[in-house]
Structures are given as structure tokens and as C-alpha cells.
Number of protein chains: 2
Amino acid sequence: MRAARTIKFTVGQHLEGRRRWGLSRPAAAALAGHDETFVRANDSVSLPLDGATERRARKRLSEARTAIDPVLRAAIGSLAEPLDRMAGYHFGWCDADGVELEGAQGKSLRPALTFAAAAACGGSVQDAVHAAAAVELLHNFSLVHDDVMDTAPFRHGRPTVWRVWGETNATLLGDALQALALGVLCDGAPEAVTAEAVIRLARTTVTLCRGQYEDCAFETRPTVTVDEYLNMAAGKTGALLGCACALGALCAGADHRVVSAMHTFGTELGLVFQLVDDFIDIWGDPAITGKPAHSDLIHRKQSFPVVCALESETAAGRDLARLYQSRHPMTAARAARAADMVEQAGGRQRTLGRASASLDAAFAALPDDLATDDLTALAHLVARRDH
Amino acid sequence: MRAARTIKFTVGQHLEGRRRWGLSRPAAAALAGHDETFVRANDSVSLPLDGATERRARKRLSEARTAIDPVLRAAIGSLAEPLDRMAGYHFGWCDADGVELEGAQGKSLRPALTFAAAAACGGSVQDAVHAAAAVELLHNFSLVHDDVMDTAPFRHGRPTVWRVWGETNATLLGDALQALALGVLCDGAPEAVTAEAVIRLARTTVTLCRGQYEDCAFETRPTVTVDEYLNMAAGKTGALLGCACALGALCAGADHRVVSAMHTFGTELGLVFQLVDDFIDIWGDPAITGKPAHSDLIHRKQSFPVVCALESETAAGRDLARLYQSRHPMTAARAARAADMVEQAGGRQRTLGRASASLDAAFAALPDDLATDDLTALAHLVARRDH
């Protein structure tokens, strides 16, 4: 029963806890990954985030945004008109006509992880700034293309790039952002690690595409298994967070073992991110998330809670299957009923349990001296965010 | 009048001729680029290719295809199903179900240029093979995305990837191919030049996107100037041929000056390639090209001959402008009349002249000892191909 307590730690107590209860890293990882009974009993990600941790994490996000800003703007500025303006619009720097805007910008979670990973390994902001900008560019390449593929009308409350400039130009902007990411990394990563950094980013892109492919393919399939879902999410979301952390360590001169540990940490954290995303879609507050309620359910998406409910072999799971397969339009009322069915079929609890397990696996992968307060705060922000 | 004779050299006589007539490189380049009278008088690219040169060039293409084959297949093989199968289909290795095919494959012009540039600088096939595979992958990234953007139904007589697997998956395959190109280069380019090689390839990708953007933007514009066209073509086609040659030199350990000369050589050759493409669309033999006649004219494209005709201030040019602006459907008969108008307005002659000038500028950029028989043969194959 010792194991079950290890993932009930509150923020900042993770490592002390692991030490106190004497759980070995492999044992924690194995349990966290595979013992469903154990997982179901846990719910640490549903606890509210304490104020100090949230402030620490948000400060790191804000610093990361500031640090990469000149590198990002220089990279985007190297694009020819109007690709530079389209990118500026997407990043929230200007309107569609190029008039400067203040405010609304992305979260910068990935760059913040790169900086925090670098700092944990003794690196400076300067060591990691190009890697941090590169992961942000690659993230935005995937957002711009995803919006085209999903025909998503809005992002952060503004019309998506493809809606303003058309699908062709949005595809081209994404292509250019992917190339810029690699270019920025080559231009500025510490010379001794440039090649390895670029290989990692290029491989991450291939993995991202695989994950996105699977996510799209799921839409036309009646069922998806939990393992298939987790594999998809590891590609679509885990790979880039893993890369963000690994590049931070690499640019700080960490050895192979540490880089690899940071990669696992980030990949598991990416799974947490995706699971929480799926969770928020169903049980988040639209007033806080800023997104329409039950969007995944309305689009009959095989999100993680839905996958769990459909394979639960419960009455509620069977009701959900019928609702998903029916030809009736998925109205808001039906989606609300679907949300209840998912919960009754255990989808809510299993999602929280799996997110907890992945959070624990993330920390289990890190050598004790690397789980700094900053990485811990960022990880818990990911796990306990409400938007 | 000495200058005018310099670009009438037959294959293999380029350098001897330049030496014989004592024309300096800058003078040749300046003349080739800007003297329209001079350019119009020349027609070297319309001469047939002699048999020995064609055999030499085709042998280099075939060797390049063989040399990169294992690297390409390993890279594609690293993609998850079905992206690997989609790529194999696109490369002509298999049908849509993955059943192996023999025969039909791409020309491998870009890899052949990489190998020839490397050899000119004393490098081996092994030095250049990853760079050659990388440029071929990047070329195919752009083909797969272009086919989506242009809604092109066929490539090499087979349905395009987006028609078999949908636009979303074709976009993802292109994204993955772009990343694979960088990955292959990082994995295998000589270590001393990996970073520079990757930067060059990433910048090339950004330039490609800019060129493709402009090409798309031209479609909605009533007129395009010759300079705008040439700038677009330098991005869309010149950049990758320039990169192919520069990477060959770089991987062979050539110094900065030589790499830069090879880049200019390839960029100018890329312009020739695009101009000949435009030429063939109007005056090529569909039985030889394998493409429908007058496809550019039917789509009212601003190809180079059309741009020249529209700005010619001739009666035929004005007729063409009226035909392009009319709302009547562009039937095959109307397109045939458009072809006559383009020719009467001087578009055919100016295209040949400009292609000749670019071919000359390509050779003018190369130090004498680098214009090997192989590079010369490949360049003349580009300039005088009929398909």
C-alpha cells in the first residue's frame, strides 16, 4: 500500500515523499503505468493548485514568453510578406492587416519547460533560448496545420489563419514555421549539440505527424482502445513536451542519461496535458476555459474519457455507444447526456487516475536532484489547470 | 559582339569558349542577365541535345537514384503505417495497398546535381548521399503539398496522394517528409558541416514556401511583371536546385566561396528548369511530355511566356489579355489560340532567350575548374529537355 500514497503528494512534496516512503523509481513507474486498481483510487490531479505553486509556474511562463520574444520575432521577421503578417496574426502580435496588438498570446508552456529543464541541469537562459523558441515555433506549426485539418473556426477567440487567408496559405505558413523552428535551432543552439538537437526536433516532428494522423483516423473508427489512445497522445502531445525538456537539458550540456530522463519526464507530462485537455472539454467550466462546452462530445470524438466509457462494459457505456452511433444530430442536450453517461461509466475517474499515474511516471523518471521547484510547479500547473 | 557568341556554345564547349573569346565572368553574367536584345538573339536552349551528353546526364540520374535508394527507403521505413505506405506510393515503389511496383519513379535531378557538385569538389558519393536523399525528400514534401494546394488529380499518371488518402493525410505526409529531410541530413552529413547543411536546407524550405505562396497569389492577380515572376521562380524552383548543388560542395569539404558559387549555379539552373517547364506546357508535345496540352493556359496561369506576352504592348498581347480576362470557359480551342497569341507577342522567343541567359549565368558563376562534364551535361539536359 506504500505505492498508492506516493502519488497523493501535494505540490513540491513529490520527491521528499518518494524518499520518505522509499519507493524505487522503477517500481513507482511500473505501478503508475499499469495498476488500474491503484490508479483508480487516486485523484491527485483533481485537487486545486496551491497559490504559491501557481504563482511560481505562471511567473516562469511569463519569463519564458519574454525571453523567446526577440528570437521569435527575428525568425518571423525573416519571412516574406505576407507570411510574416500571417504568423504575427497567429501569434497574437497584430491583426490581419498587420496593426500591432497588445495582450492575447499563447501560454509558452513548452519554452518554459525548456528553460526549467536547462536550469535544472545548470544551464542559462541564453543556452536554451533558441531551443525554447524552436519548440514554440514547432508547436505553432502544428496548431496552424491542425486548424486547417480540423476546419477549426477560432483560436483564442479569433478567426483561425486559414479562415482569414485560406487553406493553401495556412498550409504554407505551417510549412514555413516548421522550417523556421529547425533554422532557429541551428542558428543558435550551442554548437557542440546542434546536430543532436536538430535530429531530436526533426524526429519529434515526424512523431507529431504520426500522432495527428492517428487522431484523425480515430474519427472514422467505431472504437479505439485505451492503448491506442495513449499511443496517439504520446505522439500528438507527448513528443513535443518531451523534446522541449530534452533540448533544455541538452543545451545545458547534460549527459545522455539526463537528457533521456528529461525526455521521459516531458513525454509523460504531455500525456497528462492531453488527458486534462480531454477532461476539461467535458467537465470544465466554459466560462473559464473560453471554449464551447462539450465540443469533443458534440463532434463524437474518441477522447480519453469516452474511450474508457465505451470499453467499460457498463450500462452507461452501452448507452453512450448507442448515442455515438445514432444518426441524430448531437445537440447540446444530447451532449450533456453523453457527459453524464461517460461519468457513470467511470470515464471521469479513470481519466483522473490515468493523469495522476502519468504525472507520477513523469517525476519517477527524473533523478532526484533534477526535480526542481520550477519543473514541479510547471508540471502541477499542467495537471491541475482548469483552462 | 563577342558576348553574344558566348552563350551559343554547344555542350562541353562552354568553358573553352569562354576562355577562347576572353569574356570575363562578371561581364558574361551581366550580359546574360540584363541585355534583352542580346538575350532575344540567342536560342541555345532550343537546340537539340547531342546524344553523348544526353547519355551522360541520364546515366548520372540513374546512378543518383540507385545511390539514394537505401537512404530514402530507410527514412520512409521509419514512418509509422500508413504514412510509410503513402510515401512509398508517392515515390512509385508500391500501389495504394502497399504491393510493390517496379518502374515509374522520379527523375532524381536534384540528387544527381548534389553528387555532381560533390564530385566536382573532390567529394565521394558517400560524402554526399545523405544530402542528396535530403533534397529529394524535401522536393517530394513540396510536391505532395503542392498537389493538395493545386488540387492536382494526377502525378506521373497515377492519382495523387490526396486523392487516395484525403487532403488531411496528404498534408501530414508532406509535413513528415519535410522533417525526414532534415533528419536524414543530420543523421548522415559529414559532422563538420552538419549544422551549416541543416541551416541551408531549413532556409531553402522557407524560401520554397515563399515562392509557392507567390505562385498561388499570382493566380488572383490580373498582371504579374517579369521581375515578380523571376523572383517567384527563384524561390519556388531555384532555391532547391541551388541548395542541392551547395550541399554537394559543402559535404565534399569545399570552402565558402565554392559553396556559394555552386549555390548560384543551381539557383540559375532552377530558373532555367522553371522556364523550360513553362515553355513545354505551351509548345511541348503532349505525346512526349505525358501531360495534357496547354494546361497552364487552360488554367489561365501567369506562366513566363504569358507574362512576357501580356507586357509586350503588342496587338497579340492585348488579344491575350482580353482572352484571359473573359468569362468564357477556356476550351482547348481557345487555349490553342492563346498559345498562338503568346508566340506572336514574342513570349516564346523571350522565354527561350531568358532560359539561355540563365543557363549562361549558371556557368558564369562557376569557377572554371568546377564546370565538370557531368554538371555541364545535367545543366544542358535541364535546358533542352522535352519532357
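Me: A disulfide is a pair of cysteine sulfur atoms within 2.5 Å. How many disulfides turn up in a search of the whole structure?

Reply: The search finds zero over all chains. Keep in mind that this is a predicted model.

Me: What makes Cys245(A) fail the test?

Reply: The closest cysteine sulfur to that of Cys245(A) is in Cys243(A), and it is 9.3 Å away. The cut-off is 2.5 Å, so this pair is too far apart for a bond.

Me: And how far is the sulfur of Cys186(B) from the closest cysteine sulfur?

Reply: The distance is 6.5 Å, and the partner is Cys186(A), over in the other chain. A pair has to be within 2.5 Å to count, so Cys186(B) is ruled out as well: too far for a bond.

Me: Why is Cys186(B) called buried?

Reply: Its relative accessible area is 6%. Buried means under 20%, so Cys186(B) gets the label. Cys245(A) gets it too, at 0%.

Me: Moving on to charges: what makes Glu81(A) and Arg85(A) a salt bridge?

Reply: Their side chains meet at 2.7 Å, nitrogen to oxygen. The limit is 4 Å, so the pair qualifies. As a general matter, side chains of opposite charge can pair when their charged atoms come close.

Me: Are those two residues buried or exposed, or what else would you call them?

Reply: Partly exposed, both of them. Glu81(A) has 49% relative accessibility and Arg85(A) has 22%. The label runs from 20% to 50%, so each value fits inside it.

Me: How do you know that Asp147(A) and Arg155(A) form a salt bridge?

Reply: The nitrogen-to-oxygen distance between their side chains is 2.8 Å, and anything within 4 Å passes. In chain B, Asp147(B) and Arg155(B) also meet in a salt bridge, at 2.8 Å.

Me: Why is Asp147(A) called buried, while Arg155(A) is called partly exposed?

Reply: Asp147(A) has a relative accessible area of 6%, which is under the 20% mark. Arg155(A) is at 25%, between the 20% and 50% marks. In chain B, Asp147(B) is buried at 5% and Arg155(B) is partly exposed at 26%.

Me: How many salt bridges does the structure hold over all chains?

Reply: There are 38. Some of them join up: Arg56(A), Lys59(A), Arg60(A), Glu63(A), Asp373(A) and Asp374(A) are linked in a network.

Me: Which salt bridges cross between the chains?

Reply: The rule finds two across the interface of chain B and chain A. Asp187(B) and Arg203(A) meet in a salt bridge at 3.2 Å, nitrogen to oxygen, and that is within the 4 Å limit.

Me: Which parts of chain B touch chain A?

Reply: Helix 8 (125–149), helix 10 (167–188) and helix 11 (194–218) of chain B each supply at least two residues. Helix 10 of chain B gives the largest share, 14 residues. In total, 34 residues of chain B are in contact with 34 residues of chain A.

Me: What area is buried between the chains?

Reply: About 2900 Å², with 75% of it from carbon and sulfur atoms. The size of an interface is often given this way, as the accessible area lost when the parts come together. There are also eight residue pairs in polar contact across the interface.

Me: What makes Ser358(B) and Glu268(B) a polar contact?

Reply: Their side chains are joined at 3.4 Å, inside the 3.5 Å limit. Ser358(B) is found in helix 19 of chain B (residues 347–365), and it is buried at 0%. Leaving aside neighbours within four places in sequence, Ser358(B) is in contact with Glu268(B), Leu271(B) and Val272(B).

Me: One last thing: why is helix 6 of chain A called mostly covered?

Reply: Six of its eight residues (83–90) are buried: Leu83(A), Met86(A), Ala87(A), Gly88(A), Tyr89(A) and His90(A). Just after this helix, Gly92(A) takes a positive phi of about 85°. Over chain A as a whole, buried residues make up 58% of the 387 residues, and the chain has 20 helices and two strands.

Conventions
Residues numbered from 1 in each chain as written. Chains lettered and ligands numbered in written order. Predicted model: local features only at pLDDT ≥ 70, side-chain atom pairs only at ≥ 80, totals over all residues. Heavy atoms only, no water. Buried < 20%, exposed > 50% of the residue type's maximum accessible area, 1.4 Å probe, protein only. Helix = DSSP H or I, 4+ residues; strand = E, 2+ residues; numbered from the N terminus. Polar contact = N/O pair within 3.5 Å; in protein donor to acceptor, adjacent residues only side chain to side chain. Contact = heavy atoms within 4.5 Å. Buried area = accessible area lost by both parts, 1.4 Å probe.
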